[in-house]
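These entries record what I looked up in the structure. I took confidence as the opening topic and then turned to the contact, the domains, one helix and the backbone angles.

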Amino acid sequence: MFSSQPFKDGIKHAIGVPALGLGSSMFAFGAFLNSAGFDIFQSFCSTFFTFALPGQFVMAETILAGGSLLNIFLAVLLTNGRLYPMTVNITPVIRNQNVSKWKQYLTSHFIAVTSWFNMFAVHQNIKQEDKFDYFVGLGGFLWANSVVCTIAGYLFSNVVSHEILVGMVFINPMYFLIMTVSNLKEKMMICSVLLGASLSIILNSFIPGWSVLVAGILAGSIGYILFKKEIVHE
Amino acid sequence: MSSQFIYLSILAASLGTYFCRAFGVYSARNISTDSPVFHWIKCVSIGVISAVIARIILFPEGILGEATSFSRISCTIIALVIYFSFKKNVLLAVIVSAISFALVNHYI
């Protein structure tokens, strides 16, 4: 796998804007962990084993707030619950009959918003039998880069000014926004995005912990029901 | 906070996150790319992502929460304007909005 051309192509895809977008936020996260009193190996372990930034921030903030392990588990589960529909969605796209179950479960660790967007942006141009290796290259590089950037952020937090750190944190949501906008080609997707953003804002006042998941499920379901007749089968 | 508690917390966070991914792989075992469920779950995924983006921009936590709403919203608009004005250049839009954000927060 690691010498295959699709794997290398996946790495090439990840190098550049995708790695910059995610890496900059991981750098800021490393700096945050340093200021919060974590040591460098703990910072490494957080990104190495979790690799989902909102949940990592929630974990660190719950520790600082004096939360229990159960608090942390449930808060992270709720925050990273967004990964569930993304995984259900991308798994049928990248798997083929030669990919064993354990490889699918292992590779699911690389599923994040950045890898999901970028895989969907190109998957129609990749042969089915090559998609899995391509995704491993793409997602695996983003994961490894995130670990390195977390460590770099931890080590160089004193060198970088606070204003630059704040700017770096802003890169990732802007990258998500632009990638979302660039994927809006079907009416059902446009409807889901507009409703998801609107409902999230409204529901945040009533159910702040659940607003993102509930808004996404409602928005996606309404978008699908309204425009399912327009689906073009591949 | 003890070092041992932090490692256990990282373990708890990793298990909570991996559960979402592993359960996703399990749930997808009978879903094909041309099934209705596939298209529905794609809409839900993009709906969740847009909800996350809206929440980060309007109700952020952590470092972004220190910035003003004006800086977050105005620089989001800058990102979109740059993206559509310069042949949908993702890198330019992201970099210009981040630099604008840092400058607005520093000077305003």
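**Entry 1. Confidence.** I began by noting that the model is predicted. For chain B, I read a mean pLDDT of 92, with 99% of the residues scoring at least 70. I then looked up how confidence varies along chain B: helix α1 (residues 3-27) has the highest mean, at 96, and helix α4 (residues 90-107) the lowest, at 90. For the complex, I copied down the predictor's ipTM of 0.90 and pTM of 0.90.

**Entry 2. The contact between the chains.** How many residues does each chain bring to the contact? I recorded 84 residues from chain A and 71 residues from chain B. On the side of chain A that touches chain B, I found that helix α10 (residues 162-182) of chain A gives the largest share, 18 residues. I also sorted that side of chain A by residue class and noted 53 nonpolar, 27 polar and four charged residues.

**Entry 3. Domains of chain A.** I looked up the division of chain A and found domain 1 at 5-172 and domain 2 at 184-234. Taken over C-alpha atoms, the centres of these two domains of chain A are 24 Å apart.

**Entry 4. Helix α12 of chain A.** I checked the span of helix α12 (residues 211-227) of chain A, which has 17 residues. From its first C-alpha to its last, helix α12 of chain A reaches 24 Å, close to the 24 Å expected at 1.5 Å a residue. I then listed its buried residues, among them Val212(A), Leu213(A), Ile217(A), Gly220(A) and Tyr224(A). What covers the buried residues of α12(A)? I noted that the cover includes α11 (187-203) of chain A and α2 (36-58) of chain B.

**Entry 5. Positive phi angles.** Before examining individual residues, I recalled that most residues other than glycine have a negative phi. Phe51(A), not a glycine, has a positive phi of about 50°. I placed Phe51(A) in the loop between α3 (40-49) and α4 (53-64) of chain A. In chain B, Lys87(B) is also not a glycine and has a positive phi, near 50°. I located Lys87(B) in the loop between α3 (69-85) and α4 of chain B.

Is each of these residues buried or exposed? I classed Phe51(A) as buried because 29 other C-beta atoms lie within 10 Å, and the cut-off for buried is 20 or more. I classed Lys87(B) as exposed because it has 7 other C-beta atoms within 10 Å, and the cut-off for exposed is 12 or fewer.

Key: Residues numbered from 1 in each chain as written. Chains lettered and ligands numbered in written order. Predicted model: local features only at pLDDT ≥ 70, side-chain atom pairs only at ≥ 80, totals over all residues. Contact = placed C-beta atoms within 7 Å. Helix = DSSP H or I, 4+ residues; strand = E, 2+ residues; numbered from the N terminus. Nonpolar A, V, L, I, M, F, W, Y, C, P; charged D, E, K, R; others polar. Domains from an automatic or database assignment. pLDDT = per-residue confidence, 0-100. Expected span 1.5 Å × (residues − 1).
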